[in-house]
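This report goes through a protein model region by region. Please keep the sequence and the coordinates open while reading.

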Amino acid sequence: MAVSSLAFARVLVPPSPRTALASACSHSIKMCASSASPSESKKTVWVWTTNRQVMTAAVERGWSTFLFGSKDLGKDWSSTARINPLFIDGLEIFDEKKQKIAVISEVSSPGELELIQPDNVEVENIVIDFRGGWQVIPAENIVAAFQGCRGTVLAVSTNSTEAQVFLEALEQGLDGVILKVEDMDDIIKLKDYFDRRNEAKSQLMLTKATVSKVEVVGMGDRVCVDLCSMMRPGEGLLVGSYARGMFLVHSECLETNYIASRPFRVNAGPAHAYVAVPGGRTSYLSELQSGREVIVVDQNGLWRTAIVGRVKIESRPLILVESKENGGDDTYSIFLQNAETVALITPEKGSSGRTAIPVTSLKVGDEVLVRKQGGARHTGIGIQEFIVEK
């Protein structure tokens with residue numbers, strides 16, 4: 001059957017779909033066990049394309065399952081690359097042995113959403129094509145409704161941005177996506193997204209360093225980084241004057257006698273300082289802007305990505321802090337605003353239960369956490385090169 005046979009008709013969304021969607025969600029939840037907890041299981045990616053370059057890019061990145069409307073095209077590509085071809089026949093998907101692999105459900109209205117019953121389907125995979133401009137709300141309701149169900153739910157995505165919405169809905173996301181594209185850039189972008197997710201599950205090595213100098217130095221342009229995510233006690237951004245050693249600067253999530261808690265903010269330092277961003281890179285604080293990503297790190301080195309919502313640059317009094325690695329000769333440096341709300345994260349909770357020391361209370365001999373890495377950088381990328389920073 002031709003690929004065009006799966007081009008579903010668009011249906012206008014009713015004026016107020018949220019109420020109907022909630023009803024559909026409640027109906028579906030009754031069909032499924034609700035005891036399953038969110039997991040970090042591997043996401044499934046199938047690719048639907050007629051472009052050989054897209055196929056090549058996908059195979060090179062480890063995605064080998066492809067959907068075809070034409071058996072001839074599937075056989076042709078199978079002869080030149082190791083792929084797992086699946087074939088579309090109406091609203092069903094079969095493998096080479098004509099075994100049914102998945103069923104396709106059209107979702108254009110709350111009523112159609114309510115009809116999806118994964119526990120009653122005889123195959124493990126359910127493919128959903130959201131039409132009529134629906135994406136975020138249906139994806140969230142599908143995730144909520146199908147927790148604990150036997151079926152694996154995949155959504156058809158026409159670009160990498162849509163795919164990311166489906167994979168992140170309600171944090172857990174759908175089980176996977178079918179990327180229906182003709183541009184290899186979408187393959188590259190989606191793989192880059194998965195690489196960032198996998199990095200975020202890893203743990204950064206943080207090193208203890210002892211404060212060797214605390215000095216008031218005068219005025220400078222400091223940068224406040226406001227994120228689209230909330231931070232918890234013990235979390236902050238990696239910032240430093242030298243790329244070779246970056247301090248873990250605490251967020252403003254703690255209450256003080258001077259100002260209300262702002263758990264989305266890190267008063268990070270002056271404009272010239274480096275800040276850690278995804279991909280093992282650094283950026284200057286002055287380069288951050290709305291929409292950029294940074295990494296939020298906790299006291300144990302666990303980290304996640306966060307989106308910058310706003311950056312504020314203002315002239316404020318600064319303190320110079322220097323530290324030396326315990327048992328080493330390397331010296332690290334950072335400038336921070338001279339304020340009680342600015343703090344550096346410590347290796348362990350002290351007797352007071354604090355995870356951070358305000359810079360106004362910082363003294364020589366205190367221990368703080370730093371991240372050691374290569375000092376040479378070119379456009380934020382670490383390189384092997386002789387360099388002296390002082």
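## Tyrosine 193 in helix α7

Helix α7 covers residues 184-200, and tyrosine 193 is part of it. The model is a predicted one. Tyrosine 193 has a relative accessibility of 4%, so it counts as buried.

With neighbours within four places in sequence left aside, tyrosine 193 is in contact with Gln164, Leu167 and Glu168. For glutamate 168 there is also a polar contact, side chain to side chain, at 3.3 Å. Threonine 161 is 32 residues from tyrosine 193 in sequence, and the two C-alpha atoms are 9.8 Å apart.

## Chain overview

The chain has 390 residues, of which 47% are buried. Its secondary structure consists of seven helices and 22 strands. About 19000 Å² of the chain is exposed, with 48% of that area supplied by carbon and sulfur atoms.

Of the contacts between residues at least 6 apart in sequence, 62% join residues at least 24 apart.

## Strand β11 and its partners

Is strand β11 enclosed or open to the outside? Six of the six residues of β11 (residues 245-250) are buried, so the strand is largely enclosed by the rest of the structure.

Strand β10 (residues 235-242) runs antiparallel to β11, and five bridges join the two. The connection from β10 to β11 is a hairpin through two residues. Here tyrosine 242 stands opposite glycine 245 of β11. Strand β11 is also joined to strand β20 (residues 367-372), again in antiparallel fashion, by three bridges. Phenylalanine 247 has valine 370 in β20 as its bridge partner.

## Histidine 250

Histidine 250 belongs to strand β11. It counts as buried because its relative accessibility is 2%, below the 20% cut-off. Its side chain reaches the backbone nitrogen of glycine 234 at 2.8 Å.

Not counting residues up to four places away in sequence, histidine 250 touches a set of residues that includes Arg232, Pro233, Gly234, Glu235 and Gly236. Others in that set are Val266, Ala343, Ile345, Thr355 and Ala356.

## Aromatic pairs

The structure holds six aromatic pairs. One of them is formed by phenylalanine 66 and tryptophan 77, which are edge-to-face, with 6.3 Å between centres and 90° between the planes. Phenylalanine 66 lies in strand β2 (residues 65-68) and tryptophan 77 in helix α3 (residues 71-78), so this pair ties together parts 11 residues apart in sequence. Both rings belong to buried residues: phenylalanine 66 has 1% relative accessibility, and tryptophan 77 has 2%.

The pair of phenylalanine 68 and phenylalanine 87 is tilted, because the planes stand at 35°; the ring centres are 6.1 Å apart. This pair links distant parts of the chain, with phenylalanine 68 in strand β2 and phenylalanine 87 in strand β3 (residues 84-89), 19 residues apart. Phenylalanine 68 is buried at 1% relative accessible area, and phenylalanine 87 is buried at 10%. Through ring pairs, Phe66, Phe68, Trp77 and Phe87 are linked into a cluster.

## Cysteines

How many disulfides does the structure hold? The number is zero. A disulfide is a covalent bond between the sulfur atoms of two cysteines.

Is cysteine 224 buried or exposed? Cysteine 224 has 2% relative accessibility, so it counts as buried. Cysteine 228, at 54%, counts as exposed.

Conventions: Residues numbered from 1 in each chain as written. Predicted model: local features only at pLDDT ≥ 70, side-chain atom pairs only at ≥ 80, totals over all residues. Heavy atoms only, no water. Disulfide = S-S within 2.5 Å. Buried < 20%, exposed > 50% of the residue type's maximum accessible area, 1.4 Å probe, protein only. Helix = DSSP H or I, 4+ residues; strand = E, 2+ residues; numbered from the N terminus. Contact = heavy atoms within 4.5 Å. Polar contact = N/O pair within 3.5 Å; in protein donor to acceptor, adjacent residues only side chain to side chain. Pairing = 2+ DSSP bridges. Areas by Shrake-Rupley, 256 points an atom, 1.4 Å probe, with all protein chains shown as cover. Phe/Tyr/Trp six-rings, centres within 6.5 Å; stacked < 30°, edge-to-face > 60°.
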